[in-house]
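Dear colleague,

I am passing on the structure below, and after it you will find notes on what turned up when I went through it. Please read them with the model open beside you.

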Amino acid sequence: MSTFVDSAWYFLRFCDPQNNDAIFDPETVNYWMPVDQYVGGIEHAVGHLMYSRFIAKVLNDLGMVKFREPFTRLFTQGMIYHEAYWCPKCQTYRRPKEVERSERDGKVAALCKVCGSETVITLDKMSKSKLNIVTPEEICERYGADTGRLFILFTGPADQDAEWKSAGVEGCYRFLARLWRTVLTAAQQGLFVCDWQEKLPTLKADLTDDERQLRRKVHQTVKAVTEDIEGFRFNTAVAAMMELLNELQPFVEQVGRGTRDGGRETEQIVLSEAIDLFLRILHPFAPHITDELWERLGKDGSLFTQSWAEVDEEAAAEETVTIVVQVNGRVRGRIVVPVDAGETLIKELALQEPNVQAHLEGKQVKRIIVVPGKIVNIVV
């Protein structure tokens, strides 16, 4: 029988795998099922998914299970594509290491190392038959498992097809290397404070502007990554963490050199919070390097056993907002105002904007319409 028949009910057996007397115990299956989230490739839609729904409905009709649908939510992942090399003379596909690639005037060519003739280059779904797969062993040997995981998640939206590019792997490797150096600097120079959570509440009022800015970026990133993971937007989650490292790295370097103004204790507390939360949200993407850094910081156990990073909504809130200024409906400038600014202050700042003043010259202001936090329209 087709293997799809096996895959039509395996999830039911998973709920009760040691049962030697029956296919499964209905009470156990009804406790665990239905599956909350199913993730699979598009090629399973007609086979596996259709058969599994049929089996579930039959078992429901027989009174063995209480549910009609085996899966509550479905997410269909995209396919990974890679260059394939067909040698017309040898009448076979060649592996990437079996061809000699060259590029001239923007055109790519590849010669078969066996016969010397030019191959036909196509972009195809990774397949063993076309010899265009990149094995996990290759990535792990050269870059490590975390880089491979991170690149697959960063390569593009999870529900869309993507092309495997070596340059992207290099970028993820450099990101993890920068993170490694940044956190080790903090650990080796004694800048990380393990009990930062106890000390932070009493120091919040004494933070400098750039310390508040780093906390804002950290908690905005935690919030964004949390939402992105829930929405399967792994690529934008990785991008957000890359942005955070761009702010964290120079902050750590400045604290390490002692070149920053302000109290050293507040610097270390803010830095420690940033690193702690950063490692927590990166851990599902790169578990090995984050666990190693966690230990280097003097923390116990694996990050897998730690709670998820919590968002401090007050810290994440923006202190200012950019408002567009229009004159008779046309954009003439932008102003930055405090988020709690009143209409009077917003109108004053809008009228003071140099480009706006140039378009008001010789004209009479009839009224000013303010949409808080968004737009100011000056009617002349």
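Leaving out residues up to four places away in sequence, Arg280 touches Trp294, Leu303, Gln306, Ser307, Trp308 and Ala309. Please bear in mind, here and below, that this is a predicted model. Arg280 lies in helix α11, and with a relative accessible area of 10% it counts as buried, because the cut-off for that term is under 20%. One of its contacts can be described in more detail, since the side chain of Arg280 reaches the backbone oxygen of Ser307 at 2.9 Å.

Which residues of the largest nonpolar core touch the most other members? The core has 56 residues, and the ones in question are Phe175, Ile275, Phe278, Leu282 and Phe285. At least two residues of this core come from each of the helices α6 (145-154), α7 (166-188), α8 (196-203), α9 (209-230), α10 (234-257), α11 (264-282) and α12 (287-296), and the largest share, 12 residues, is supplied by α10. In soluble globular proteins, nonpolar side chains tend to be buried together. Ile275 gives a closer view of the packing, for it is in contact with Val183, Ala186, Phe192, Leu248 and Leu297 when neighbours within four places in sequence are left aside.

Helix α6 deserves its own paragraph. Its buried residues include Asp146, Thr147, Gly148, Leu150 and Phe151, and among the elements that cover the buried residues of α6 are α5 (136-142), α7, α10, α11 and α12.

Turning to another part of the chain, Gly40 lies in strand β1, which spans residues 35-41, and it is buried, with a relative accessible area of 6%. Not counting residues up to four places away in sequence, Gly40 touches Phe75, Thr76 and Gln77. As for its distance from Thr208, the two are 168 residues apart in sequence and 48 Å apart in space, taken from C-alpha to C-alpha.

Finally, there is a nonpolar patch on the surface, formed by Val46, Met50 and Tyr51, which together have about 300 Å² of accessible area. Of these, Met50 has its place in helix α4, residues 48-61. Is Met50 buried, exposed or partly exposed? Its relative accessibility is 45%, and it therefore counts as partly exposed, given that this term covers what falls between the limits of 20% and 50%.

With best wishes

Conventions
Residues are numbered from 1 along each chain as its sequence is written. This is a predicted model: local features need pLDDT of at least 70, side-chain atom pairs count only at pLDDT 80 or more; totals for chains, interfaces and linings use all residues. Side-chain values use heavy atoms; hydrogens and water are left out. Patches are made of residues with over 30% relative accessible area and no salt bridge: like charges are joined within 9 Å, nonpolar side chains (Val, Leu, Ile, Met, Phe, Trp, Tyr) within 5 Å. Accessible areas come from the Shrake-Rupley method with a 1.4 Å probe; for residues, only the protein chains shown count as cover. A salt bridge is a side-chain nitrogen of Lys or Arg within 4 Å of a carboxyl oxygen of Asp or Glu. Helices (H or I, at least four residues) and strands (E, at least two) are DSSP runs, numbered from the N terminus. Buried means under 20% relative accessible area, exposed over 50%, partly exposed in between (1.4 Å probe, protein chains only). A nonpolar core is a set of buried Ala, Val, Leu, Ile, Met, Phe, Trp, Tyr and Cys residues joined through side-chain atoms within 4.5 Å. Contact means heavy atoms within 4.5 Å. A polar contact is a pair of N or O atoms within 3.5 Å; within protein, one must be able to donate a hydrogen and the other to accept it, and residues adjacent in sequence count only if both atoms are side-chain atoms.
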